[in-house]
Amino acid sequence: MRDTPQKTADYSLVIVGAGLIGSAAARHAALGAAPGSRIALVGPSEPQGRQPGEWGAFGAHHDEGRITRCTDPDPTWALLAQRSIDRYAEIEEQSGVQFFSEVGHLAVGPAGAPSLVARAANAAAQGVPHELLDAAALRERYPYLSFPAGAAGVWEPRRSGHISARRLVAAQISAAQRCVRPGVAFERVDESAVAVEEAAAKAAAGTDQATGEAEGEAPAPSYRVLLRDGRELRAARVLLCCGAFTNGPSRLVPAPLRLSNFTTQTVHFSLGDSDAARLEGMPSVIAKFPTWWAYLLPPIRYPDGRTVLKLGGARVEDASAPAARLDAAGRTPGRGGTRPLLEPSDLLTWYRSGGDAAARCEMEGMLHELVPGLQPLEVRSDACANCRTETGLPLVGKVRGQLYAAAGGNGLAAKSSDEIGRLAALAALGSLCCGEGGLQRWQEPDDESELLARERFAPC
């Protein structure tokens, strides 16, 4: 059932964007905000029963398969993932929604490749169980997969595999609704925000520095969140979790944040029973070689009844070259298969296109090479977008005044979204209640790791 707030209502915090990060921030806020707080999560539900070209709402979470793993060549992303994965069971218990499939994860590349070496080193340093596999071990353990000669792998058997992005979002929202802290009000607003405007700010004398308001008092509205259906939400604080749509087309930020959008695309093979049975027990896979890269999800049952094997990737001239200038074709060296989406209108057009026909053909060939002998019943393509930052880390924190943002997943945020959402809620509210009267605060550096120091994620 949808929550239906009044035409005008006051909130302590309005979270705009009901995707992976926004829903995570909403759960943490609902469970940890000060008594008397009112939290709203704004964003449209996933469109149903129409083709992509007819949709008016888009999101990276409108899918069943996202890789999750504790290992990563970057120690910060590894830590963000580990903290999120640590809470998967808690979220499933709070919500009653299962979204995590622990089938393991396999990273593959040329033996001695820097990314494999870094991944293994970070796993060892952070106590993540893993196993190094040479080419012979890869062939023996995964006879249905075909890798180039000289390949090696890092196998991660536990706390890894894949998540259903759409079910994780549903779980976060359900947990926020079912487990909201006593004295805190949480509302799910199933509508698009078209603008965020500054309102006449009222002085908040005698307020708590952590929350910005006295316990039990109504917040002073600083912002107006305008909805597509004409409603208006007044908020003391606004947290934007809109991913690739942060800078438009809706009027959400006073000036564009340092975010760059790029195309991404996947190919989906619908499998028959024999192919699905042959691949039973398959892990999620990331493979990076000098002339191609790919990620591969094992067979997953989709809501429409299809069993889908999904691949994203591209052939490249040199995957080890640093990503620097765009070439004449609009591609970034080392990030083949992508092109920039420079305007909000480009983003909408790309989502509605379903992807590029040539890229679809290329990925079909790659999937047949990686998994020989497949006989797909149907082949589909899907378009999405990668929102990147200059630092390679998400932007989380204050934009201006009491306007905050959490955006820039860099193609890595789905598995790590709960921890990113927690940091976003901490940034917007100043603190979160936990345990018996305890408070979480986002310190500089983080209490447990300087990798999560607040300044490393600052949007401005």
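Here are some notes on a few spots in this predicted model, going from its helices and core to a cavity and one buried charged residue.

1. Let's start with helix α1, which covers residues 20–32. With 13 residues at 1.5 Å a residue, α1 should span 18 Å, and its end C-alpha atoms are indeed 18 Å apart, so the two values agree.

2. Is α1 largely enclosed or largely open? It is largely enclosed by the rest of the structure, because 12 of its 13 residues are buried. Among the buried ones in α1 are L20, I21 and A24, but also R27 and H28. If you're colouring the helix by burial, G22, S23 and G32 belong on the buried list too.

3. Now try helix α6, which has 14 residues. From its first C-alpha to its last, α6 reaches 20 Å, close to the 20 Å expected at 1.5 Å a residue. Its buried residues include A165, L168, V169 and Q172, and further along the list you'll find I173, S174, A175 and A176. A handy thing to keep in mind while looking at a helix: an α-helix has 3.6 residues a turn, so residues three or four places apart point the same way.

4. Which elements feed the largest nonpolar core? That core has 54 residues, and L13, I15, I39, F99, L239 and V396 are the ones with the most contacts inside it. The elements giving two or more residues to it are β1 (8–16), α1, β2 (38–42), α2 (75–86), α3 (88–95), α6 (165–178), β20 (403–407) and α10 (417–429). So both helices from the points above turn up here, though α10 gives the most, with 8 residues.

5. Next, the empty space. The count comes to 2 cavities of 30 Å³ or more, and the second largest has a volume of about 40 Å³. Its lining is made of A107, V108, S115, L116, R119, I286 and K288. Two or more of these residues come from each of β5 (105–110), α4 (114–125) and β14 (284–289), and α4 has the largest share, with 3 residues.

6. What kinds of residues line that second largest cavity? They divide into 4 nonpolar, 1 polar and 2 charged.

7. Last stop: E232, in strand β12 (residues 232–240). Why does E232 count as buried? Its relative accessibility is 17%, and buried means under 20%. The side chain of E232 also has a partner, as a polar contact of 3.1 Å joins it to the side chain of R224.

Conventions:
Residues are numbered from 1 along each chain as its sequence is written. This is a predicted model: local features need pLDDT of at least 70, side-chain atom pairs count only at pLDDT 80 or more; totals for chains, interfaces and linings use all residues. Side-chain values use heavy atoms; hydrogens and water are left out. On a 1 Å grid over the protein atoms alone, a cavity is a set of points where a 1.4 Å probe fits but cannot get out, and a pocket is an open set with protein on both sides within 12 Å along at least five of seven lines; lining residues have an atom within 4 Å of a point. Grid points are joined across faces, edges and corners, and a volume is the space filled by probe spheres set on the points. Helices (H or I, at least four residues) and strands (E, at least two) are DSSP runs, numbered from the N terminus. Ala, Val, Leu, Ile, Met, Phe, Trp, Tyr, Cys and Pro count as nonpolar, Asp, Glu, Lys and Arg as charged, and the others, Gly among them, as polar. Buried means under 20% relative accessible area, exposed over 50%, partly exposed in between (1.4 Å probe, protein chains only). A polar contact is a pair of N or O atoms within 3.5 Å; within protein, one must be able to donate a hydrogen and the other to accept it, and residues adjacent in sequence count only if both atoms are side-chain atoms. The expected span of a helix is 1.5 Å times one less than its number of residues. A nonpolar core is a set of buried Ala, Val, Leu, Ile, Met, Phe, Trp, Tyr and Cys residues joined through side-chain atoms within 4.5 Å.
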